[in-house]
Amino acid sequence: MTINEIQDSIIDEFSCFDDWMDRYSLLIDLGNELDALPQEQHTEQNLIDGCQSKVWIDAHMEGENLIFRGDSDAILVKGIVALLIKVLSSHTPKEILESDLYFIDQIGLKEHLSPTRSNGLVAMLKQMRLFALAFQAKQA
């Protein structure tokens, strides 16, 4: 699936719920389904600056695709990490860098997060794009 197809499916999934408490529950479920990041990957290098909670994101290449893994010590934030990984993982660095992540606004995520969590979301996206940029530069 393309990044946009994944975003569209997330928008459809979130649109099933009118109440944000239900949407928060969906985020928590996504976090609970996230594959565990090995403890040895909980390093300072993988720690995202700008997040109130602790968030770790790791990336590696498999073939031409960038694979993200992540974790957080906060259950709701772990769901946000899972959502970003669902959208961006398993795509080429070029696809990631050229993507317009419209699903965040479409599902109303940013406006329903506290300012500190919203800043954390921006920091996570920035780090994931930096990983894509670094791996794209390695490929060149």
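At 29% relative accessibility, E13 counts as partly exposed, and this residue serves as the starting point for a description of the structure, which is a predicted model. E13 takes part in a salt bridge with K86, in which the closest N and O atoms are 3.6 Å apart. This pair links distant parts of the chain, since E13 belongs to helix α1 (residues 3-15) and K86 to helix α3 (residues 75-88), with the two positions 73 residues apart in the numbering. K86, like its partner, falls in the partly exposed class, with a relative accessible area of 34%, a value that lies between the limits of 20% for buried and 50% for exposed residues.

Helix α1, to which E13 belongs, has 13 residues and reaches 18 Å from its first C-alpha to its last, close to the 18 Å expected at 1.5 Å a residue. Within this helix, I3, I6, Q7, I10, I11 and F14 are buried. When the helix is seen down its axis, these buried residues fall within an arc of 140°, so they line one face of α1. The buried residues of α1 pack against several other helices, namely α2, α3, α4 and α5 (103-106).

A search of the whole structure finds four salt bridges, and the pair of K86 and E13 is one of them. In general, side chains of opposite charge can pair when their charged atoms come close. Another salt bridge is formed by D71 and K78, whose closest N and O atoms are 3.5 Å apart, and here both D71 and K78 are buried. A further salt bridge joins K94 to E98, with 3.0 Å between the closest N and O atoms. K94 and E98 both lie in helix α4 (residues 93-98), where they are four residues apart, about one turn of the helix. K94 counts as partly exposed, at 46% relative accessibility, whereas E98 is exposed, its relative accessible area being 58%.

Outside the helices, Q45 is found in the loop between α2 (20-33) and β1 (55-62). Q45 is classed as exposed because its relative accessible area is 72%, and the limit for this class is set at over 50%. The C-alpha atom of Q45 is separated by 17 Å from that of I67, a residue that lies 22 residues away along the chain.

Note on methods. Residues are numbered from 1 along each chain as its sequence is written. This is a predicted model: local features need pLDDT of at least 70, side-chain atom pairs count only at pLDDT 80 or more; totals for chains, interfaces and linings use all residues. Side-chain values use heavy atoms; hydrogens and water are left out. Buried means under 20% relative accessible area, exposed over 50%, partly exposed in between (1.4 Å probe, protein chains only). A salt bridge is a side-chain nitrogen of Lys or Arg within 4 Å of a carboxyl oxygen of Asp or Glu. The expected span of a helix is 1.5 Å times one less than its number of residues. The arc is that of the directions from the helix axis to the C-beta atoms. Contact means heavy atoms within 4.5 Å.
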